[in-house]
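Q: Please take me slowly through one part of this model. I am new to this, so explain each term as you go.

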Amino acid sequence: FSSRRRHTRLQGDWSSDVCSSDLKKNAQYEFDFAEDIARLEEKKTYLQQQRDLELEAVKNDEQKKLEIKKKYGDQINAVEKNITDVQKAQLQARVELANKIADNFAMLGNFLQQVAGKNKGLAKAGLIIEQAAGIAKIVINTQVAASKAGYLTPMGIATLVAGALGVATAIAATVKGIRQIDAQDATGGATQNSSPSAPPEP
């Protein structure tokens with residue numbers, strides 16, 4: 001677990017909720033998002049329990065009940081919004097990490113093609129790695145974009161179709177590149193192929 005103690009609080013002590021700067025920092029530390037969500041869920045439960053206790057204490061006073069419900073309703077809604085923000089930041093951090101990994105594999109594939117020389121097997125491996133990394137980015141970013149738009153909405157469906165076309169194009173480019181490598185003469189160098197274009201990162 002992270003050695004930082006920023007999130008350590010006594011039970012019932014929530015002097016501050018998770019702010020936007022915390023969410024950005026959390027991407028750098030393992031488990032922090034889960035810790036934030038668990039702490040916020042604990043706060044939500046605590047507020048609900050306190051609300052119920054106060055309502056029980058004034059069960060014959062309807063005006064007081066309304067005041068208590070509003071007070072705790074606002075606080076609970078704020079905590080729920082904070083939980084949603086943390087979950088979104090957690091997803092974004094995972095997407096960014098996945099894209100960075102794909103970029104590293106694309107660089108590796110490109111490097112293998114550069115150094116392959118007359119080694120067609122190495123050139124093919126480099127091409128496949130580079131194109132696979134590009135396809136991975138298309139899939140990752142298409143899924144995220146479609147999720148934000150709504151999978152069954154016109155925008156979501158259009159995003160999925162565009163992603164599928166991008167994958168198909170990348171596969172076709174890979175097949176073409178392999179054929180070009182096979183067709184090289186003895187003096188030919190490694191065939192250069194650009195990796196498929198992924199949708200803009202969300």
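A: Here is a close look at one helix, from its inner side to its surface.

You are looking at a predicted model, where local features need pLDDT of at least 70, side-chain atom pairs count only at pLDDT 80 or more, and totals for chains, interfaces and linings use all residues. Residues are numbered from 1 along each chain as its sequence is written, and side-chain values use heavy atoms, leaving out hydrogens and water.

Our part is helix α3, residues 62-116 (helices are DSSP runs of H or I, at least four residues, numbered from the N terminus). Let's begin inside. The largest nonpolar core has 13 residues, and Phe33, Leu40, Leu47, Val79 and Val86 have the most contacts within it (a core joins buried Ala, Val, Leu, Ile, Met, Phe, Trp, Tyr and Cys through side-chain atoms within 4.5 Å). Helices α2 (32-57) and α3 each give two or more residues to this core, with the largest share, eight residues, coming from α3.

Now meet Leu91, also in α3. Leu91 counts as partly exposed because its relative accessibility is 47% (buried is under 20%, exposed over 50%, partly exposed in between, with a 1.4 Å probe and protein chains only). The C-alpha atoms of Leu91 and Phe33 are 9.8 Å apart, although 58 residues separate the two along the chain.

Leu97 sits in α3 too, and this residue is exposed because its relative accessible area is 52%. Together with Ile101, Phe105, Leu108, Phe111 and Val115, Leu97 forms a nonpolar patch on the surface.

How values were computed
Patch = residues over 30% accessible without salt bridge, like charges linked within 9 Å, V, L, I, M, F, W, Y side chains within 5 Å. Areas by Shrake-Rupley, 256 points an atom, 1.4 Å probe, with all protein chains shown as cover. Salt bridge = Lys/Arg side-chain N within 4 Å of Asp/Glu carboxyl O.
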